[in-house]
Amino acid sequence: MKSKSLWLSGFLALGLVSAQAQTDRWQQRVKYTMNVDVDVQSNRFNGKQVLEYTNNSPDTLRKVYYHLYWNAFQPNSMMDARSRELGKIMNNNRPDWDGRVRDRIQNLKPDEIGYQKVLSLKMNGVPQQYKLHETILEVMLSKPILPKSKVVFDMSFEAQVPLQVRRSGRDNPNTGVRYSMAQWYPKMCEYDYEGWHPTPYVAREFYGIWGDFDVKISIDRNYILGGTGYLQNPQQIGYGYEAPGTKVNRPAGEKLTWHFVAPNVHDFMWAADPEYKHLVRNIPNGPTIHVLYNYKENDPQNDEQWNKVADAAVQVLPFIEKNFGKYPYKQYSFIHGGDGGMEYPMSTLLSGPSLGTAFHEWMHTWYQMLMGTNESLYAWMDEGFTSYGESLVMQYYLEQNKGAVVKQSEVGTGPRRSNLEPLSRENPHKDSYDGYFYLVKSGKEEPMSTHADHFETNFAYSIASYSKGEVFLEQLGYILGAKVRDRVLLDYYNQWKFRHPNVNDFIRVAEKASGIKLDWYREYWVNTTKTIDYGIDSLWEQGGETNIRLKRVGKVPMPMDVLITYKDGSQELHYVPMYLMFGSKPEEFDIPRKVYEPWKWTHPQYQISTKRKLQEIVRVEIDPTERLADVNRKDNVLELKW
């Protein structure tokens, strides 16, 4: 673990970046100082929280709101009721509820439920009135918080760790991990240019304020911890955090106090278990990788798999940073716990050593932990962009490790026929296209602009946010050209890290990088469920040329790549921009290309032509790279057998 002086320099650097990034959009700021004392017998803890809250907005605040997430894990809570209602909906003869939640909350006993109780709350030393709304605490301020001012909240609270149901909890029989401490503290809700976001904990997604955390956790001395932040007292703690070859001097007593600090993050997670094994990998000029997992005696395969996660993280980081941006913190931890995979700043909870899940959760660093997008409103910008990155990271890993044993379900690739050399490899995004097509055929698709908790089904939410969100980026490469899209992603990182971007912010980055208008793409792909469907209508020879009529069947207009292949093996690429783009993508492939006047979206047909005779043509194909999410590709290809 890095020294305090190194942490301080990293903090100052991050603070400078954040300050520079905020010049044209204000955002609130928090600084948490927390001390918690855990009783592992009762699974309860007491906490003290001092919160410095800076109102950088132009508004006067007369209320504030806190999240009390664990109150969701009580019978008849909103999460419980919603899950049981979704269980009445059947998809492929399966209840639509989350299999980890089901109706389990309804059956929790008093010592198994979760709760967070605020015992006292003061602002600048003055007691405040507050009202509990299940997972939201509404605070009626005795004195308003003026614009550009800072106040200090002092809070005493207590909590009971619920049985593992969703994300956080204790004693998950599937992992054997004692404590997965996510959403564990009273957390100030976000206030931004759209106002307060006191989003109740119903199912998913979070939104938090950038700030600094100073956290001390007192727990039985045989427990090993990991999570967000830099451990400040490694020589008193040990357990693999101490400097190699040095002596650990643990203080006397039944408990140890772990002291973590985390600069410029919007959440803080930790996990604890007396059986954790701690792996460390040091990346030259990069972060320290920590892996903590439940050690299983006489199970060498378990050790091998978790070591594989640690080694893979080291191997893929250069690829991630080259394509998505620099990792700005000094450490990252992969921690055994939770109920699947769940991302947090500088860390993730993993229920097992799946490489695909590990890559996915780590990519959340770029598409949530460093962006801080409101996931409830833009879940696809979080999950979809992350899934896109995961697919490329997995492809890179497999290419670097020929013969690596990874389950096909973790890879998400499939063969693709293509005449174009850059796509002669397997398509890493095929599963997401297939998932999107499946959703369209189901008739249950909803716009991606739907609030994450308000989708009619978990089924529709999952595919819209993960699969359709991933397709959004790969299809953007079709519209702009892959190299331009890749530049867009780096520009997006550089311009919007630590700044809470929304969909319009991303679109503007893409427009500036490409010189192409994209408001139509946002409108059709994000705000509607209209589909893409193009086809080849007819071919005929006239005046020494061959004419090809294209037809638009679906309602979403798109530019067209049409590849013509001749008997002699030569090829021509015919490119038709779409009118609303007001521009054209650059050439992507080393194939002769003919560029046409834009296709107006009001016209259902368009005609292209070649000077070659009809009988020389053997194949005509719309979108030969298959990046266009065309819901009916059967009429995209015409083969002529002479």
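Which helices cover the buried residues of α12? Keep that in mind as you look around this predicted model.

**Stop 1: helix α12**

Select residues 503–514, which make up helix α12. Its twelve residues should span 16 Å at 1.5 Å a residue, and the C-alpha atoms at its ends are 17 Å apart, which agrees. Now colour V503, D505, F506, I507, V509, A510, E511 and A513: these are the buried residues of α12. As you turn the helix, it helps to know that an α-helix has 3.6 residues a turn, so residues three or four places apart point the same way.

To answer the opening question, show α7 (379–400), α10 (458–480), α11 (482–496) and α13 (519–527); what covers the buried residues of α12 includes these helices.

Next, visit the two ends. At the N-terminal end, N502 acts as a cap, with a side-chain oxygen 2.9 Å from the backbone nitrogen of N504. Following α12 you will find G515, which has a positive phi, near 75°.

**Stop 2: a nonpolar patch**

Select Y579, F582 and W601. Together they make a nonpolar surface patch of about 350 Å². Pick out F582, in the loop between β29 (571–576) and β30 (593–595). Is F582 buried or exposed? It counts as exposed, because its relative accessibility is 57% and the cut-off for exposed is over 50%.

**Stop 3: salt bridges**

The whole structure holds 35 salt bridges; here are some to try.

Start with R166 and D98, whose closest N and O atoms are 3.2 Å apart in a salt bridge. R166 sits in the loop between β10 (149–160) and β11 (169–170), and D98 in the loop between β5 (94–95) and β6 (115–123), so this pair ties together parts that are 68 residues apart in sequence. R166 counts as buried, at 11% relative accessibility.

Move on to E541 and K613, a salt bridge with its closest N and O atoms 3.9 Å apart. E541 belongs to strand β26 (residues 534–542), while K613 is in the loop between β31 (605–610) and β32 (617–622), so the pair ties together parts 72 residues apart in sequence. E541 is partly exposed, with a relative accessible area of 38%, and K613 is also partly exposed, at 45%.

Then select E616 and R612, which form a salt bridge with closest N and O atoms 2.6 Å apart. E616 counts as partly exposed at 29% relative accessibility, as does R612 at 21%.

For your last selection, choose D98, R100, R166 and D339: salt bridges that share partners join these residues into one network.

Conventions
Residues are numbered from 1 along each chain as its sequence is written. This is a predicted model: local features need pLDDT of at least 70, side-chain atom pairs count only at pLDDT 80 or more; totals for chains, interfaces and linings use all residues. Side-chain values use heavy atoms; hydrogens and water are left out. Helices (H or I, at least four residues) and strands (E, at least two) are DSSP runs, numbered from the N terminus. The expected span of a helix is 1.5 Å times one less than its number of residues. Buried means under 20% relative accessible area, exposed over 50%, partly exposed in between (1.4 Å probe, protein chains only). Contact means heavy atoms within 4.5 Å. A polar contact is a pair of N or O atoms within 3.5 Å; within protein, one must be able to donate a hydrogen and the other to accept it, and residues adjacent in sequence count only if both atoms are side-chain atoms. Patches are made of residues with over 30% relative accessible area and no salt bridge: like charges are joined within 9 Å, nonpolar side chains (Val, Leu, Ile, Met, Phe, Trp, Tyr) within 5 Å. Accessible areas come from the Shrake-Rupley method with a 1.4 Å probe; for residues, only the protein chains shown count as cover. A salt bridge is a side-chain nitrogen of Lys or Arg within 4 Å of a carboxyl oxygen of Asp or Glu.
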